[in-house]
Amino acid sequence: MKALKHFWLDKTNEIVESSKSILNTNSIYTITDSKGIIEYANDNFCKILDCNVNTIIGERHELMNSEFQSIEENENLWSTLKEGEEWRGVLTDKLKNGESISLKTTIFPIKYGNQNKFKFLSIYEDISKCMTLNQKIDKDEALYKFIYKSIKIGIIIVTDDNGSIIKWNEGAEKAFGYSEFEILGQHFSVLMIEKYKNSKISDLLGLLKRYKTVKKSEVLELKCLNKQGEEFSVELIVNKWDIEGKRYTILKMLDITKRVTFQNKLKQKTKELELFFYRSAHDLNAPFSSAQGLINLIKEEESIEKIQILIEMLEKTINHAKVFSDGLSNASLISKLSNELKIIDFPSLVDNVLKMLKRESKFENIKFNVDIENCHSFKSNPDLLLVVFKNLIQNAIKYSYVQSECHAPFIDIKVTSSDNEVVILIGDNGKGIAKKELNKIFKLYYRTEAEHCLGTNGLGLYIVKNIVESLNGKIKVESEINKGACFVIKIPRTI
C-alpha cells in the first residue's frame, strides 16, 4: 500500500483514479480529508454499509468516530493519524437494519502539498461474521470456561466450519507470534507448514483418524509455522462443537518442541552409549593384548639390547592405555560433578593445567598468552573446567608447528566475564582443522586425518562438548589449515 503515496496528488479525483489502478476489484476503501470528511468511497464500501455514494460524500465518516467504540479508542485513532502514523484496528458500527458491522481496518495518512496536510486512505476487510461468532462463543459460558478457564497452558484456536479463525487464546498468540488483529479471519492453515497449507478441517480429522489407527492415539503430532517462519512441533486434538445451530472447530495444541528435542537427544545419547561400550571394550583390550605379548617376548629374549627395545614398546603401549583410561575417567565425571559449584579461580586453574602439560613435546617453544579479566565471582565445577582447559590446550600443543626462523608458535588463553556469562577462548597458530571436518570433530570417537597418525582415541573433544553442555554452555570452533584453530566457549552464570 505504500506505493499509493506515489499516486497521491493534490486533487481528490486524481487521487481516486491513481488509487483505483493499484487497489484490486475486491478491495473496500474510502478516502477522507484531515477532519474525517468522506471525499470518496468505492462501490464495495457502499454495498457493505448499504448506502448510496452520493449521500455520504461530504459527510463525516461515522466509522472513524463511532459511538460503538470507546472514547479512548477514538482518541487513539486520531492522535495516531495526526502524527502521520499508520493506524490498524477493528472499527464497528450499526447498519440501518440494526445489525452490527465490524471492519478490520488499516488507515494510511498521506501527506500532500507543501504544508503539513493529510488525507486518509482507509482499507477495510469485513470480519463481521467472525466477530458475531466470537460473541456467540463468549455467551456460551460452559464452552468459554472450557476453552479459557480450565486450560492454563497450551494453544487454543477456534474456527468456523470453513476453517477461518474467529478466536484464540494467549497461548496461541505467544506460540505463533501473530496479534489478534493479524490472525482474525485468516484460515487456520496459515499456521501450518507447507505440507498442510491447503488443508481443510476435514483433512485434519482424516489425518487424526489415520494417526489413531497407526499409533492408537487420540492426539496427532505435527509441525506448525510461526510468524517468523520457524517450525515447531505440537500435539493436536480436534473437537467439533455446535452452538445455536452453528458448527465450530476447536484446535487444542501443546507445544512439544522441547520434548521432541529431548527425545531426539536421548536417542542420540543411547546410540553413543552403545558405541562407547563397544569401542571401550575394544580399545582397552588392544593395549592389554599388546602388553601381554611384549611381556612374553621379554621373558624369552636373552639380548639386553632387544629387551630394552621391547621395554620401550611396552611403555608406549601402557601410555596409550593410560590416555584412554583418562578419557573414560573424564567421561564419568560429567554426570557426577556437573551440579557441584564453586567459585572458579581461573588464573590458578590455567596455571595448574600448564604445569600438568609441561612435559608435552614442543611445550618449551610455545608462547602462552594468558589474559583473564573480571572472573572473580563465577561459580562452576572446577574439575570439569580443568578437563576442558587441559584437552583444548593439549590439542593446541599437539598440533602446533615446530619453532623456526619463519614461525613462532603461540597459544592464546583468554577468559572474560559479563553479567550473564563467562567466555573462554583458546586459540593457536598451528596446523588447523580442515573445513570439511569442523562439524564432525565433537562426535564420539571421531578423529581427523592428522589424529589417525598421532594415535589419539577420539574422546577428547566429545568429552569437552558434553561438559560444556552439562554446564548449559555452548562451544564453537573456527579454523583454517596452516593458520590455526580457535575454540570459543560460553557458559552462563548459574546465580
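Okay, let's start in the middle of things, with helix α12: among the elements covering its buried residues are β12 (367–372), α13, β14 (410–417) and β15 (421–428). Which residues of α12 are buried? Helix α12 runs over residues 346–356, and the buried ones there are Phe346, Leu349, Val350, Val353 and Leu354. Why do they sit on the same side of α12? Because the arc they cover around the axis is only 135°. There's a rule of thumb behind that: an α-helix has 3.6 residues a turn, so residues three or four places apart point the same way. Have a look at the structure above and you can follow that side of α12 along the helix.

Before I go on, one caution: what you're looking at is a predicted model. For the protein chain, the mean pLDDT is 79, with 78% of the residues at 70 or more. The start of the chain is another matter, since pLDDT stays under 50 over residues 1–12. The model does have 28 contacts for that stretch, counting those beyond four places in sequence. Still, where pLDDT is low, the predicted coordinates should not be read in detail.

Now the overall picture. The protein chain has 495 residues, and 42% of them are buried. Its secondary structure comes to 15 helices and 17 strands. And if you take the contacts with a separation of 6 or more, 55% of them are between residues 24 or more positions apart.

Back to α13, which we just met as part of the cover over α12. Helix α13 covers residues 382–398, and it packs with helix α15, residues 460–470. How do we describe a pair like that? Two packed helices are described by the angle between their axes and the distance between the axes. Here the angle is about 145°, and the axes are 9 Å apart. The crossing of α13 past α15 is left-handed. Which residues make the contact? From α13 we have Leu384, Val387, Val388, Asn391, Leu392 and Asn395, and from α15 we have Gly460, Leu461, Ile463, Val464, Ile467 and Ser470. Sorted by class, that's 8 nonpolar residues, 4 polar ones and no charged ones.

Next, a few single residues, and I'd like you to find each one as we go.

Take Pro109, in strand β4, residues 100–112. Is Pro109 buried or exposed? It's buried, because its relative accessibility is 9% and the cut-off for buried is under 20%. Beyond its neighbours within four places in sequence, Pro109 is in contact with Leu81, Gly84, Glu85, Glu86, Phe118, Lys119 and Phe120. Gly84 is 25 residues from Pro109 along the chain, yet their C-alpha atoms are separated by 5.6 Å.

Cys130 is in helix α5, residues 128–139. Cys130 also has 9% relative accessibility, so it counts as buried. Setting aside residues up to four places away, Cys130 touches Ile165, Ile166 and Gly185. From Cys130 to Leu184 you'd count 54 residues in sequence, but C-alpha to C-alpha they are 7.5 Å apart.

Now for two lysines. Lys82 is in helix α4, residues 71–82, and with 61% relative accessibility Lys82 counts as exposed. Lys35 is 47 residues from Lys82 along the chain, and 10.0 Å separates their C-alpha atoms. Lys474 is in strand β16, and at 68% relative accessibility Lys474 counts as exposed too. Leaving out neighbours within four places, Lys474 has contacts with Val468, Val488, Ile489 and Lys490. Ile489 is 15 residues from Lys474 in sequence and 5.7 Å from it in space, C-alpha to C-alpha.

Last stop: backbone angles. Most residues other than glycine have a negative phi, and most peptide bonds are trans. So where should you look for a positive phi? One place is Lys362, with phi near 80°. Lys362 is in the loop between α12 and β12, which brings us back to the helix we began with. With 26% relative accessibility, Lys362 counts as partly exposed. Another is Asn482, whose phi is near 70°, again a positive value in a residue other than glycine. Asn482 is in the loop between β16 (474–480) and β17 (484–492).

That's my tour, thanks for listening!

Methods:
Residues are numbered from 1 along each chain as its sequence is written. This is a predicted model: local features need pLDDT of at least 70, side-chain atom pairs count only at pLDDT 80 or more; totals for chains, interfaces and linings use all residues. Side-chain values use heavy atoms; hydrogens and water are left out. Axes are lines fitted to C-alpha atoms, for helices over the stretch in contact, and angles run from 0 to 180 degrees between N-to-C directions. Helices (H or I, at least four residues) and strands (E, at least two) are DSSP runs, numbered from the N terminus. A crossing is left-handed if the near helix is turned anticlockwise from the far one by less than a right angle, and right-handed if clockwise. Contact means heavy atoms within 4.5 Å. Ala, Val, Leu, Ile, Met, Phe, Trp, Tyr, Cys and Pro count as nonpolar, Asp, Glu, Lys and Arg as charged, and the others, Gly among them, as polar. Buried means under 20% relative accessible area, exposed over 50%, partly exposed in between (1.4 Å probe, protein chains only). The arc is that of the directions from the helix axis to the C-beta atoms. pLDDT is the predictor's confidence in each residue, from 0 to 100.
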